[in-house]
Structures are given as C-alpha cells and as structure tokens.
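Visitor: I have a model open and would like to learn how to read it. Where should we begin?

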Amino acid sequence: MSSFDKLDIKNKKEQKKLNVDFAELKSGGFIKQNKKDLFTVRLRVPGGRMPIERLNKIIKIAQKYGKANFVHFTTRQSLEIISININDFNKLKSELKKIGQQTASCGPRVRVATGCGGCEYNARGIIDAQKLALQSDRKFFGIPTIHGKFKISFAGCHSDCTRAKGADIGFIGEIEPGWSERKCIGCGLCAKACLEGAIISDKKTGKPVYDASKCIFCGDCIKICPTSAMHEKKVGCGLYVGGKWGRHPRIADLITHLFPAKDIIPVIKKTIDWYIKNGKKRERIGNTIDRLGIKKYKNEINYKRSY
Amino acid sequence: MEKQIKIAKKLDLTGVICPTNFVKTKLALEDLKKGQILEIILDDGEPIRNVPRSIKEDGHKIIKVENIKNKFKILIKK
Ligand code: HEM
Ligand code: SF4
Ligand code: SF4
Ligand code: SF4
C-alpha cells in the first residue's frame, strides 16, 4: 500500500509517458514488487471460487504478461499473476476485463470475502459459505472504510478452515440441537461426539443430559445420532467481530451464537458503518473495540437477540 | 433381546486407526445382504467419534451401542 505513495512522487511527466491510470493502480490489486517497474496483480476471487473456463483464460493472460513462470495462490483464496511490467498494465487490465475478471482491493477498503466449500459440497458444512461469501462480496467489495482494511469471512462449521475468527467480521455455521426422547435408544454416542462437555450420558439410561451453557452449536451430536433423536432445531451462525492476523493477532469476539442468516448482510453493513464512525486512522475494528469496549459495539449495532 | 439379533459377521477393530477402521467396516458391509447385521468393536476416542457418523452418512443403521471398558460394541444393520 505505502509503496504506491512512492510511485506517486515520480514526476507527472513520467506518468504521462507511461499513460498509466495511477488512481486505478492505487485503488487496488496492483502491488509493487522488489524490482523496478514490476508488479503483482492480485485477482478478485470471492470464496476462492473460480470457474474452470475463466481459469483457462487467466492462464493464457498470465503466460502473455507475467514475467514469472508461476502464479501464486494467496492465503485468502486469491490468485496472483507475478511480475507484470508497468507498461503492460493497461493491456492486461483490459484483457482481464474482457473475460469478466476484476482485480482485488488494497488500502482502507473492504477486501474480497472468503468462504470455504460450506454445505454446498462439503460434508461438514452447516451453512452455504460459498453463496454467502459471493453475496456479501457483491454487496461490500471495495467500499472505503477510511481507517483500515476490512475482511469478511465465512466458514461452514466450527472447524473454521477459512479462519473466520481472524477476520474483521466472520460467520461460522451453527446448529442448535433438539432431542426427542421417544426416538432415543440410549446409545450414548451423542455424549461421545460432544467435545465441549455439553452432553453427559445418563449413567442408568444412557440418554443425554444437555447443558446449553457449554454448547457451541457445532451439530456433531446430531450428525452422529443413529436414530435422529438428536435433531436440528435451528440453524444460524456464530457472529464474530474484530479478528485480525498480522503483527499483533487478535481473535475475534463472539457477539452471539445462532445469528440468523437472513440478517447477515444488514449486520455487515451496520458493522462497517460503526467502524467508519468510531475507528481511527490505520486502526482495525478489533482495536477500535479494544479502545471503546465491546459493549458500545453491541449496543450500537442494536442486534435484538432472537434466542 | 440380544439373542434375537442374528449377527452375520464380526469385526474387531481394536487398535485400528482412522480412517482404516471405517474402510474395513465399509468393506465388511459390502459383503453383507441388506438387512443383515455387522458387529464391530471400536476403541474409545477418535474411532467412536468418527466411525458411527460415517456409517450413518453411508446410509446404514446403528441399532445398538454397548460400552465395554474402553471399547464399544456396535451393531450395524445394512
Ligand atoms: C485430512 C486432513 C485435512 C483435511 C480434509 C483438510 C481440509 C481443509 C479444507 C477443505 C480447507 C480449506 C477451506 C477453504 O479455504 O475452502 C482447509 C484449510 C485449512 N487447513 Fe486443513 N485439512 C486437513 C488437515 C489439516 C491439518 C493437519 C492442518 C494443520 C496442522 C490444517 C490446517 C488448515 C488451515 C490453517 C487452513 C486454512 C488455510 C488458509 O487460511 O488458507 N488442515 N483444510
Ligand atoms: S469450515 Fe467446516 S464446512 Fe468449511 S471446509 Fe472446514 S470443515 Fe468443511
Ligand atoms: S451441538 Fe456440539 S457442542 Fe452442542 S451439544 Fe451437540 S456436540 Fe456438543
Ligand atoms: S446419540 Fe441419539 S439415540 Fe444415542 S443417546 Fe444420543 S440422542 Fe439417544
């Protein structure tokens, strides 16, 4: 990000000569490399989902303009074309545009949303992390936050492969278990499956004794129950805010369990607005929360608990 | 009650780790006819957490689970 500032100092004449749109360069996706005039181009790939047909076309573009003989897959599901000469910037940009491929964002803006396979094709997924990532990316990608970067992430279940708890706002698929005594054969498997100690098997009957205060709503007890005595009562998300990685990592705060999926877009919007209003320059929302208190955030996003 | 259940095949999976224990269960079930019962013995810990779930996901029915010391006897109906 700061490397663009250096670029800007280069005199206007040079800018004219190169005929490069520096505003566009700065707004995102083009990252200065350690050698003069070479850039990395980071692509916008929400949810890490890349149509095969488009990937084929990107390969051709990378072969044509990338001076390196490789591409790079980033930790946040993006694909980067390496060592693009600044003189090829405009041609590359228009070729990417033709195939419907945008570049990612940089600076104090909302980043590309990430998401795991979720329930669309992953056996452990509880929510459709792919669909939600694509939806929220369409809505929020590139929005200026004034203060710092803002990352959105979705994980299908509490395994959290996409590290939603390390994002500025993250959602993790959850199920609240219900129990029908009538169907229960007292096998005790649900207690075995629960890693949180929220189910204890009754010594005499083998039937579950459930402690909701320990439950994280992972749904493992439902998946294992052979008779569907343990069943899905409600699906939602763990809502996490204020996570980040980098020099001083911070795990996101749990705002609520079982947040309803239909309120995801509104709560992201409220959270970005809150950050814009309350944040300081270069501060991530996690630090804003540390400075002002999680209570203030919770009160001001005014989420009415529905459970 | 147990006497009425006719067990077609037995498989002791003590000491067999994931996912080999599940693969062996799967192969054993393939040899059975629909409705026949397979008995398996599983260790506590990862095996008891994983194998029954996978069996269920494959569409078979667990009809009984019995805890014997640190092991589990499980009856599966194909
Ligand atoms: C059979 C074993 C494993 C399977 C099936 C598996 C599956 C996955 C999947 C599907 C994802 C990607 C989610 C996504 O971004 O769409 C993932 C991410 C991840 N896995 Fe695994 N995994 C396995 C073992 C491990 C192990 C042993 C570790 C660490 C010791 C690990 C650490 C991670 C981490 C850190 C991520 C997030 C990576 C990132 O931020 O880009 N996984 N895993
Ligand atoms: S978070 Fe859950 S659903 Fe998503 S990839 Fe990991 S295990 Fe699968
Ligand atoms: S949902 Fe998860 S944490 Fe809650 S009781 Fe079931 S297994 Fe335990
Ligand atoms: S796993 Fe299902 S059948 Fe077995 S004890 Fe738990 S609720 Fe009852």
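Guide: Begin with residue classes: Ala, Val, Leu, Ile, Met, Phe, Trp, Tyr, Cys and Pro count as nonpolar, Asp, Glu, Lys and Arg as charged, and the others, Gly among them, as polar. By these classes the shell around ligand 2 has 4 nonpolar, 4 polar and 2 charged residues. Keep in mind that this is a predicted model.

Visitor: Which residues surround ligand 2?

Guide: The shell of ligand 2 consists of Cys116(A), Asn122(A), Arg124(A), Gly125(A), Ala155(A), Gly156(A), Cys157(A), Ser159(A), Asp160(A) and Cys161(A).

Visitor: How do the residues of the shell around ligand 3 divide by class?

Guide: Around ligand 3 there are 9 nonpolar residues, 1 polar and 2 charged. Four cysteines belong to the list, namely Cys194(A), Cys215(A), Cys218(A) and Cys221(A). The other members are Glu196(A), Ala198(A), Ile199(A), Tyr210(A), Ile216(A), Phe217(A), Gly219(A) and Asp220(A).

Visitor: And how many residues surround ligand 4?

Guide: Ligand 4 has 14 residues around it, and the closest are Cys184(A), Cys187(A), Gly188(A), Cys190(A) and Cys225(A). That shell splits into 10 nonpolar and 4 polar residues, with no charged ones.

Visitor: Let us turn to single residues. Is Ile272(A) buried or exposed?

Guide: The cut-off for buried is under 20% relative accessible area. Ile272(A) has 2%, so this residue is buried. Its place is in helix α10 of chain A, which covers residues 264–278.

Visitor: Which residues does Ile272(A) touch, leaving aside those up to four places away in sequence?

Guide: Ile272(A) touches Val110(A), Phe140(A) and Phe150(A). For a separation in space, take Gly188(A), which was listed among the closest residues to ligand 4. From Ile272(A) to Gly188(A) the C-alpha distance is 45 Å, with their positions 84 residues apart in sequence.

Visitor: How should I read a strand?

Guide: In a regular strand the side chains alternate between the two faces of the sheet. As a case here, strand β11 of chain A spans residues 253–259 and is mostly covered, with 5 of its 7 residues buried.

Visitor: In which sense do β10(A) and β11(A) pair?

Guide: Strand β10, residues 230–241 of chain A, pairs with β11(A) in the antiparallel sense, over 4 bridges. One bridge takes Cys237(A) to its partner Phe259(A) in β11(A).

Visitor: Now the chains as wholes. How many helices and strands does chain A have?

Guide: Chain A has 12 helices and 11 strands. Of its 307 residues, 52% count as buried. Chain A exposes about 15,900 Å², and carbon and sulfur atoms supply 53% of that area. Among its contacts between residues at least 6 apart in sequence, 65% join residues at least 24 apart.

Visitor: In what order do the elements of chain B run?

Guide: From the N terminus on, chain B reads β-α-β-α-β-β, which comes to 2 helices and 4 strands. Of the 78 residues in chain B, 44% count as buried. Its exposed area is about 4,700 Å², with 53% supplied by carbon and sulfur atoms. Of the contacts in chain B with a separation of 6 or more, 66% are between residues 24 or more positions apart.

Visitor: What radius of gyration does chain B have?

Guide: Chain B has 11 Å; a compact globule with 78 residues would have a value near 12 Å, so the two agree. Along the principal axes, the C-alpha atoms of chain B fill a box of roughly 30 × 25 × 20 Å.

Definitions and conventions:
Residues numbered from 1 in each chain as written. Chains lettered and ligands numbered in written order. Predicted model: local features only at pLDDT ≥ 70, side-chain atom pairs only at ≥ 80, totals over all residues. Heavy atoms only, no water. Buried < 20%, exposed > 50% of the residue type's maximum accessible area, 1.4 Å probe, protein only. Contact = heavy atoms within 4.5 Å. Near = heavy atom within 4 Å. Pairing = 2+ DSSP bridges. Rg over C-alpha atoms; globule rule 2.2 N^0.38 Å. Areas by Shrake-Rupley, 256 points an atom, 1.4 Å probe, with all protein chains shown as cover.
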